[in-house]
Amino acid sequence: MYDYIIVGGGSAGCVLAARLSEMPEAKVLLLEAGPRDTDPYIHMPVGFAKMTAGPLTWGYETAPMRHANNRVAVYPQARVLGGGSSINAEIYTRGCPEDYDSWAKDYGCKGWSAKEMQPYLVKSEGNTRLGGRDHGVDGPLTVSDIVPNVVSQAYVQGCMDIGMPFNPDFNSGRQEGAGFYQTTTRRGKRCSAVTAYLKPAQKRPNLTTRTGVMVKRILITAGRATGVEIIDGGQLKELRAEREVIITAGAIGSPKLLMLSGIGPAAHLKEKGISVSHALPGVGQNFHDHFSTDVTWVLNGPHSYDKYKKTHWMIAAGVQYYLFGTGPVASNIVEAGAFWWGNKAEEKTPDLQFHFLAGAGVEKGVGDVPGGNGATCNSYFTRPRSRGSVTLRSANPADAPVVDPNSFAEPYDLERHIEAIKITQEVGRSRSMSKFVAAEHFPGPACKTRQDYVEMARASARSSYHPVGTCKMGAARDEMAVVDTACRVRGLDGLRVCDSSIMPRVVSSNTNAPTIAMAEKAADLIRGNH
């Protein structure tokens, strides 16, 4: 018997396990379907490029995307202790204050405004350069600078050439401008939620972490979650929770588990042969993500990290990292970026985000360039209006869910997306970038008319790995809200969801830092209730 069972060992799950186990009288169990974070690529910042596919992901694909040529695309989601924080590109951005204020004002999420979230963003952060009111310096999650590649520096200067200001701190409350991303790295290694939160807590006798455990369903008795049923070594077993079951399986995994447990849209559950234990129409709905397109360039020499694909350079980089913890292996490759407007007339804060990679062919699905020396910039509209869904393929927990992003369903999203691509191309033609760029490889000079851009976007856009919204938080009057403002599943006792799935709308940035801060807040809510 445990007091708290946490299902999902990702960013939020690690935070909650660490914080709840601070109560010595509380027995806490953390369950993760994937393995422990022992793969050496996890801990090398550059290693994220090896992990957008493979054994540490669920191997998901999207449903045919109706507004993107009916393509079926790879949809990477982590399946390892630490979740996304163990395989992401380590970029530390929080979004703008207006994002959180919108949660509170527009979605009825009282207590989740920017002013109320700021203490948790600061509490979680251990920044090695920035301090003051906006930053934490002694939090568990180390946030640091990396030494940028010369082409990354040229990209930032190129943004300035076309009129963007330099921004030394994207997390100061003002995102606009170009600059270098801070990363969740510590002394040349990834600082995941495992490193930051879970490992320091594992010495506590009241915390148990189990990996390789698939949770089949949540046990519900008389309107209360009482535990979970797991598949352990091929055997079904029940684990009991005296106080609460907390779901932290992510924007795909959390709604899937709720629906497998009979919690969700009644008609859909009945269609899949699942008994309805608690009808909640919003489970799996409101799914959205940042949808990006990559612009790639051929460079006029071995200026980017692509040169380290050659064996002798790779060996040299490995030796440098082994001896000093520095060099290319200590880089996340995505060193620079920008936030800017595609539609300043309608948007108060920047509605576009850019990620510059000092290399080409880094992520799965993005090819190399002729000659082998390239660079990449992906971009997206930060506040997409299109909404999709996560639904069950069957009642079998081993079957992948149906992931339908429904991206570009709203024409507004596609227009902003095209504007981002055009701005990226303009930066590539700037005085500073021209020193290194031999030619634009993709989309290239053949892309001229608006229809060219529309067809190119529909044919190439992909996930930026920021899925949210499928168990959205909201006010009692919102019948599609799955959890209340204390992360409690509506209409059930003893059951909460706390991960990116509860965001009513995605933040205008990467999602890992906000997810960690949300879990910090949820831990306080749970301990306060206790």
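Is Arg-19 buried or exposed? Select this residue to begin the tour, bearing in mind that the model is predicted: Arg-19 has a relative accessible area of 12% and is therefore buried, since the cut-off for that class is under 20%.

Now add Glu-520, whose side chain meets that of Arg-19 in a salt bridge with an N to O distance of 2.8 Å. This pair joins distant parts of the chain, with Glu-520 in helix H14 (residues 512-529) and Arg-19 in helix H1 (residues 11-20), 501 residues apart. Glu-520 is itself buried, at a relative accessible area of 0%.

Keep Glu-520 selected and bring in Lys-123, because these two side chains also meet in a salt bridge, here at 3.6 Å from N to O. Lys-123 belongs to helix H5 (residues 114-124) and lies 397 residues from Glu-520 in the chain; at 29% relative accessibility, Lys-123 counts as partly exposed. To see the wider setting, extend the selection to the network of salt bridges that links Arg-19, Glu-22, Lys-123, Glu-520, Asp-524 and Arg-527. A search of the whole structure finds 28 salt bridges.

Move next to Arg-217 and Glu-229, which form another salt bridge, 3.0 Å from N to O. Arg-217 is in strand S9 (residues 214-221) and Glu-229 in strand S10 (residues 224-232); Arg-217 is partly exposed at 31% relative accessibility, whereas Glu-229 is buried at 10%.

For the aromatic residues, of which 13 pairs are counted, select Tyr-305 and Tyr-308, whose ring centres are 6.3 Å apart and whose planes stand at 40°, so that the pair is classed as tilted. Trp-340 and Trp-341 make an edge-to-face pair, with 5.3 Å between centres and 70° between planes. While Trp-341 is in view, add Lys-344, which lies over the face of that ring at 4.3 Å from the ring centre. A further charge over a ring is found at Trp-313, where the charged end of Lys-307 sits 4.0 Å from the ring centre.

Then select Asp-37, in the loop between strand S2 (28-32) and helix H2 (40-43), which is buried at 7% relative accessibility. Beyond its neighbours within four places in sequence, Asp-37 is in contact with several residues, among them His-43, Ser-192 and Lys-199.

Finish at the surface with Ile-315, Val-319, Tyr-322, Leu-323 and Phe-324, which make a nonpolar patch of about 620 Å². Phe-324, placed in helix H10 (residues 311-324), is exposed, with a relative accessible area of 60%.

Methods
Residues numbered from 1 in each chain as written. Predicted model: local features only at pLDDT ≥ 70, side-chain atom pairs only at ≥ 80, totals over all residues. Heavy atoms only, no water. Phe/Tyr/Trp six-rings, centres within 6.5 Å; stacked < 30°, edge-to-face > 60°. Lys NZ or Arg CZ within 6 Å of the ring centre and 35° of its normal. Helix = DSSP H or I, 4+ residues; strand = E, 2+ residues; numbered from the N terminus. Buried < 20%, exposed > 50% of the residue type's maximum accessible area, 1.4 Å probe, protein only. Contact = heavy atoms within 4.5 Å. Patch = residues over 30% accessible without salt bridge, like charges linked within 9 Å, V, L, I, M, F, W, Y side chains within 5 Å. Areas by Shrake-Rupley, 256 points an atom, 1.4 Å probe, with all protein chains shown as cover. Salt bridge = Lys/Arg side-chain N within 4 Å of Asp/Glu carboxyl O.
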